[in-house]
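This report describes a single protein chain, moving from one residue to the surrounding contacts, charges and surface. The sequence and coordinates are shown below for reference.

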Amino acid sequence: YQGGGPTVSYQTRRPIGCTNFSFDFGARGALRFGSANTRWERFNRPGVDPPGVAGDIIDQGDNLRMAGVAEMRLGLNYDFDLKCDRRFSLGSGFEGQYWLNGGSPMSGGQDGATDSDRITNPFSEDFGVIGFYLKAGFEF
């Protein structure tokens, strides 16, 4: 996928009492407009395809796509105050992303859609990811 578009984000850090610890929160939303190239190769499926039948190769290229992306982050920082209003910080937490029309691998009709349905519109699927992050920063 190659493209671009507008992004809106919000980030904040909230101190915890009079300590060097702080909560870290961030959210971002984006719309991406661009093109995508997709290629599928389906191989013989034992018990489904007759012996000797070759798999299909299907190419779809340079189709205009729109994808929406939403992200959210929640974590904890520890700040080291340095001289002259400078700060070094270490942090960790969790981050999640949700992609609207991001696409997915063909699942063989797991949700009732056939392979041919997915081939005609492979980017109609959404997906999300969640993970752990570590970060280090220097503010001046």
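## Contacts around Ser22

Apart from residues up to four places away in sequence, Ser22 touches Arg13, Arg14, Pro15, Ile16, Gly75, Leu76, Asn77 and Asp79. In this predicted model, Ser22 belongs to strand S3, which covers residues 21-41. Its relative accessible area is 2%, so Ser22 is buried.

One of the residues that Ser22 touches is Asp79, which lies in strand S4. Asp79 is likewise classed as buried, because its relative accessibility is 7%. When neighbours within four places in sequence are left aside, the contacts of Asp79 are Arg13, Asn20, Ser22, Arg87, Phe88 and Ser89. Arg13 thus appears in the contact list of Ser22 and in that of Asp79.

## Overall architecture

The chain contains one helix and six strands, arranged along the sequence as β-β-β-β-β-α-β. Of its 140 residues, 21% count as buried. Among contacts between residues at least 6 apart in sequence, 64% join residues that are at least 24 apart.

## Salt bridges

The whole structure holds six salt bridges. Three of them are listed here with their N to O distances.

| Side-chain pair | Distance (N to O) |
|---|---|
| Asp79 and Arg13 | 3.0 Å |
| Arg13 and Glu139 | 2.0 Å |
| Asp81 and Arg87 | 3.8 Å |

The side chains of Asp79 and Arg13 form a salt bridge at 3.0 Å. This pair connects distant parts of the chain, with Asp79 in strand S4 and Arg13 in strand S2 (residues 7-15), 66 residues apart. The side chains of these two residues are also recorded as making a polar contact at 3.0 Å.

Arg13 also meets Glu139 in a salt bridge, at 2.0 Å from N to O. Here too distant parts of the chain are linked: Arg13 is in strand S2 and Glu139 in strand S6 (residues 127-139), 126 residues apart. Arg13, Asp79 and Glu139 are accordingly linked in a network of salt bridges.

How is each member of this network classed, buried or exposed or in between? Asp79 is buried because its relative accessible area of 7% is under the 20% limit. Arg13, at 28%, is partly exposed because this value falls between 20% and 50%. Glu139 is partly exposed as well, with 33% relative accessibility.

In the pair of Asp81 and Arg87, the side chains meet at 3.8 Å. Asp81 counts as exposed, because its relative accessibility of 57% is over 50%. Arg87 is partly exposed, with a relative accessible area of 29%.

## Surface and cysteines

The accessible surface of the chain amounts to about 9,900 Å², and 58% of this belongs to carbon and sulfur atoms. A nonpolar surface patch of about 620 Å² is made by Phe80, Leu82, Phe88, Leu90, Phe138 and Phe140. Within this patch, Leu82 is placed in the loop between strand S4 (57-81) and strand S5 (87-100). Leu82 counts as partly exposed because its relative accessibility is 42%. Phe88, another member of the patch, is in contact with Asp79.

How many disulfides does the structure hold? There are zero. Cys18 is exposed, with a relative accessible area of 87%, and Cys84 is exposed with 67%.

Key: Residues numbered from 1 in each chain as written. Predicted model: local features only at pLDDT ≥ 70, side-chain atom pairs only at ≥ 80, totals over all residues. Heavy atoms only, no water. Helix = DSSP H or I, 4+ residues; strand = E, 2+ residues; numbered from the N terminus. Buried < 20%, exposed > 50% of the residue type's maximum accessible area, 1.4 Å probe, protein only. Contact = heavy atoms within 4.5 Å. Areas by Shrake-Rupley, 256 points an atom, 1.4 Å probe, with all protein chains shown as cover. Patch = residues over 30% accessible without salt bridge, like charges linked within 9 Å, V, L, I, M, F, W, Y side chains within 5 Å. Salt bridge = Lys/Arg side-chain N within 4 Å of Asp/Glu carboxyl O. Polar contact = N/O pair within 3.5 Å; in protein donor to acceptor, adjacent residues only side chain to side chain. Disulfide = S-S within 2.5 Å.
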